[in-house]
Amino acid sequence: MKWDDIGAHPIGNLSSPHECVNWDRLMEWVVPNSVDVFADGMLVHPAFGPLFIDGKPSEGFKDSLAKAGSGKVTGID
């Protein structure tokens, strides 16, 4: 994953090497190692700062959506 210059969330890094996966084994690791991306401080964009505060979209998140071409963002609480 890597940060997009204008988007609010990390995007897939398509330049990473490809490798076939044993999905069952992967899921055995993923479930106990999962994180809550809405938790304060979990996603901090290098330009827009924390994306969620108290589990709600931050001003930085709204600003990133506007910069990405979504215009003024309203109604996101």
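These legends accompany close-up views of a predicted model.

**Figure 1. The whole protein chain holds two helices and six strands.**
Follow the sequence from its start, and the pattern reads β-β-α-β-β-β-β-α. The protein chain has 77 residues, and 18% of them are buried. About 6,000 Å² of the protein chain is exposed. Carbon and sulfur atoms supply 57% of that area. Now take the contacts with a separation of 6 or more. Residues 24 or more positions apart account for 30% of these contacts.

**Figure 2. Five residues make up the largest nonpolar core.**
They are Ala 8, Leu 43, Leu 51, Phe 52 and Phe 61. Look at Leu 43 and set aside its neighbours within four places in sequence. Leu 43 is then in contact with Trp 3, Pro 10, Val 37, Gly 49, Pro 50, Leu 51 and Phe 52. Two residues on that list, Leu 51 and Phe 52, belong to the core as well.

**Figure 3. His 45 sits in strand S3.**
Strand S3 covers residues 44–45. His 45 counts as buried because its relative accessibility is 4%, and the cut-off for buried is under 20%. A polar atom of the His 45 side chain lies 3.3 Å from the backbone nitrogen of Phe 48. Leave out residues up to four places away in sequence, and His 45 touches Trp 3, Asp 4, Asp 5, Gly 7, Ala 8 and Leu 51. Among them, Ala 8 and Leu 51 are members of the largest nonpolar core.

**Figure 4. Helix H1 is hardly covered.**
This helix runs through residues 23–30. Of its eight residues, the number that are buried is zero. Asn 22 caps the N-terminal end of H1. A side-chain oxygen of Asn 22 lies 3.2 Å from the backbone nitrogen of Asp 24.

**Figure 5. Val 21, Trp 23, Leu 26 and Trp 29 form a nonpolar patch on the surface.**
Together these residues have about 450 Å² of accessible area. Leu 26 is part of helix H1. Is Leu 26 buried or partly exposed? Leu 26 counts as partly exposed because its relative accessibility is 31%. Partly exposed residues fall between the cut-offs of 20% and 50%.

**Figure 6. Ser 58 is found in the loop between strand S6 and helix H2.**
Strand S6 spans 56–57, and helix H2 spans 59–70. Ser 58 has 5% relative accessibility, so Ser 58 counts as buried. A polar atom of the Ser 58 side chain lies 2.5 Å from the backbone oxygen of Pro 50. Which residues are in contact with Ser 58, leaving aside its neighbours within four places in sequence? They are Pro 50, Leu 51, Phe 52 and Ile 53. Pro 50 is also in contact with Leu 43.

**Figure 7. Glu 59 lies in helix H2.**
The relative accessible area of Glu 59 is 53%, so Glu 59 is exposed. The cut-off for exposed is over 50%. Glu 59 and Phe 48 are eleven residues apart along the chain. Their C-alpha atoms are separated by 8.3 Å. Phe 48 appears in Figure 3 too, where its backbone nitrogen lies 3.3 Å from a polar atom of the His 45 side chain.

Technical notes:
Residues are numbered from 1 along each chain as its sequence is written. This is a predicted model: local features need pLDDT of at least 70, side-chain atom pairs count only at pLDDT 80 or more; totals for chains, interfaces and linings use all residues. Side-chain values use heavy atoms; hydrogens and water are left out. A nonpolar core is a set of buried Ala, Val, Leu, Ile, Met, Phe, Trp, Tyr and Cys residues joined through side-chain atoms within 4.5 Å. Buried means under 20% relative accessible area, exposed over 50%, partly exposed in between (1.4 Å probe, protein chains only). Contact means heavy atoms within 4.5 Å. Helices (H or I, at least four residues) and strands (E, at least two) are DSSP runs, numbered from the N terminus. Accessible areas come from the Shrake-Rupley method with a 1.4 Å probe; for residues, only the protein chains shown count as cover. A polar contact is a pair of N or O atoms within 3.5 Å; within protein, one must be able to donate a hydrogen and the other to accept it, and residues adjacent in sequence count only if both atoms are side-chain atoms. Patches are made of residues with over 30% relative accessible area and no salt bridge: like charges are joined within 9 Å, nonpolar side chains (Val, Leu, Ile, Met, Phe, Trp, Tyr) within 5 Å. A salt bridge is a side-chain nitrogen of Lys or Arg within 4 Å of a carboxyl oxygen of Asp or Glu.
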